[in-house]
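Here are some friendly notes to read alongside the structure. Keep the view open and find each residue as it comes up.

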Amino acid sequence: MDSSGLKEDIFYSSSWMQEILEISNIGLWLLEINKNNTDVRLYADDKMLELLGLQKSLSLEDNYKHFAQGVLADDMEIVQKYIEQMLTTKRLVEVQYRWNHPWWGTIFIRCSGKLYKEDDNAYYIRGYHQNASDIEVLRQANIEKSRQLIEVVRKRDYYDELFQSVLCGIVQYRPQADGSIVFQNANMEAIRIFGYEKEEFWKRKSWRIEDLAAPEDCDRVYQITNEILLGKGKQSFEYRALRADGTYCWIIGSGEYINNIDGERVIQSVFLDIDNRKQMELLNQELLEQDKGTQELLRQVLEGTKIFHFYYYP
């Protein structure tokens, strides 16, 4: 057997791929959306049927109805963007949403799909579903860990370990009379988001807002900082952070006055890197504006079928 044949056998054999899907709790699906009416049909493999809580396949139309009825009402907002993006970009798109499983209760489903093909009568979208509940629980635990960071036992070694381990950026700083700021603490995720190496970041003793935010967003960041200094409580923000190499990274988070581990009064900012999600939103908006005809067709199909909705997940 030549090397190409061996590679095909060890990496892409159907039995091995099926085992991977089973172990990973991944089901495969295909949606057929009729262009001429509101019919939607759902093809599902055995693992997908299990994720749907079905012992066996119903009719293709009833498979879809069963699925659509299980999506939580609060998660029925962005399906149109999701479907439009798959149809207009022809790329793989991934989202996450909650679904009421008849055996397991509410679970988190990670869904990826793309346009497979189309003809005069229908769009065909195929992809996979994965039960991502365990991953989501871990993610939520990390978020909760960051919220409780300042409330943990005041042992510096434990505090520092926890401070560095969370998945969001955290900085603590003190504003100076001249308008500059001095960082008292920053975890590695914050330094990564700002685009610096650790030594390079801490070598700098003071910063200005103009060093940390896109020029168009500086006034908004100054305003948020002033609101915190005036004692107006926690302030939320979303803006483009200026990175060390001059590029920008969208972040979202909040800032507030707190007492740090040493009892000093500092402003603490907790934020997440949402650049990929923001870029996808901007791309999606651009694509929607470019193709109003596709948007109107999908709106009619989706309104007629009450098609399921998803959340984007960066």
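**Notes on the model**

1. Let us begin with a loop. Lys90 sits in the loop that runs between α5 and β3. Keep in mind as you look that this is a predicted model. Is Lys90 buried, exposed or partly exposed? Lys90 has a relative accessible area of 49%, and the range for partly exposed ends at 50%, so Lys90 still counts as partly exposed. Its backbone deserves a look too: phi of Lys90 is near 60°, which is a positive value in a residue other than glycine.

2. Now step back to the whole chain. The protein chain has 314 residues, and buried residues make up 43% of them. You can count 12 helices and 11 strands along the chain. Take the contacts in the chain with a separation of 6 or more: 53% of them are between residues 24 or more positions apart.

3. Next, the inside. The largest nonpolar core has 27 residues, and Trp29, Tyr82, Trp99 and Ile125 touch the most other members. Which elements give two or more residues to this core? They are the strands β1 (26-34), β2 (40-44), β3 (93-101), β4 (105-118) and β5 (122-131), together with the helices α3 (46-52), α4 (60-70) and α5 (79-89). Apart from this core lies another one, of 26 residues, and among them are Phe201, Leu212, Val221 and Tyr239.

4. Trp99 is a good residue to click on. Leave aside its neighbours within four places in sequence, and Trp99 is in contact with Leu51, Leu52, His66, Phe67, Gly70, Val71, Leu72, Gly105, Thr106, Ile107 and Ile109. Try showing these side chains together with Trp99.

5. Strand β1 offers two residues to compare. Ile33 has its place in this strand, and so has Asn34. Why does Ile33 count as buried? Its relative accessible area is 1%, and buried means under 20%, so Ile33 qualifies. Asn34 is buried as well, with a relative accessible area of 17%. Ile33 and Ala122 are 89 residues apart in sequence, yet their C-alpha atoms are 5.3 Å apart in space. For Asn34, look at the side chain: one of its polar atoms lies 2.7 Å from the backbone nitrogen of Asn36.

6. Lys56 gives you an example from the outside. Lys56 is found in the loop between α3 and α4. With a relative accessible area of 63%, Lys56 is exposed. Its C-alpha atom is separated by 9.8 Å from that of Asp45, 11 residues away along the chain.

7. Now look for empty space. How many cavities of 30 Å³ or more does the structure hold? There are 2, and the largest cavity contains about 220 Å³ of space. The largest cavity is lined by 17 residues, of which Tyr173, Val221, Thr225, Tyr239 and Ser269 are the closest to its centre.

8. What is the lining of the largest cavity made of? Its residues divide into 14 nonpolar, 3 polar and no charged. At least two residues of the lining come from each of β6 (169-175), β7 (181-186), α10 (218-229), β8 (235-242) and β10 (265-273). The largest share, 4 residues, is supplied by α10.

9. Stay with α10 for a moment, and find Leu229 in this helix. Leu229 is partly exposed, with a relative accessible area of 38%. Setting aside neighbours within four places in sequence, Leu229 is in contact with Pro175, Tyr257 and Ile267. Of these partners, Tyr257 is 28 residues away along the chain, and the C-alpha atoms of Leu229 and Tyr257 are separated by 7.8 Å.

10. Finish with one more loop residue. Ser180 lies in the loop between β6 and β7. Is Ser180 buried or exposed? Ser180 is buried, with a relative accessible area of 5%. Its side chain makes a polar contact with the side chain of Asp178, at 2.6 Å. Beyond its neighbours within four places in sequence, Ser180 is in contact with Arg174, Pro175, Ser206, Trp207 and Arg208.

Notes:
Residues numbered from 1 in each chain as written. Predicted model: local features only at pLDDT ≥ 70, side-chain atom pairs only at ≥ 80, totals over all residues. Heavy atoms only, no water. Core = buried A, V, L, I, M, F, W, Y, C linked by side-chain atoms within 4.5 Å. Buried < 20%, exposed > 50% of the residue type's maximum accessible area, 1.4 Å probe, protein only. Contact = heavy atoms within 4.5 Å. 1 Å grid on protein atoms, 1.4 Å probe; cavity = no way out; pocket = protein on both sides within 12 Å on 5 of 7 lines; lining within 4 Å. Points joined across faces, edges and corners; volume = space filled by probe spheres on them. Nonpolar A, V, L, I, M, F, W, Y, C, P; charged D, E, K, R; others polar. Polar contact = N/O pair within 3.5 Å; in protein donor to acceptor, adjacent residues only side chain to side chain.
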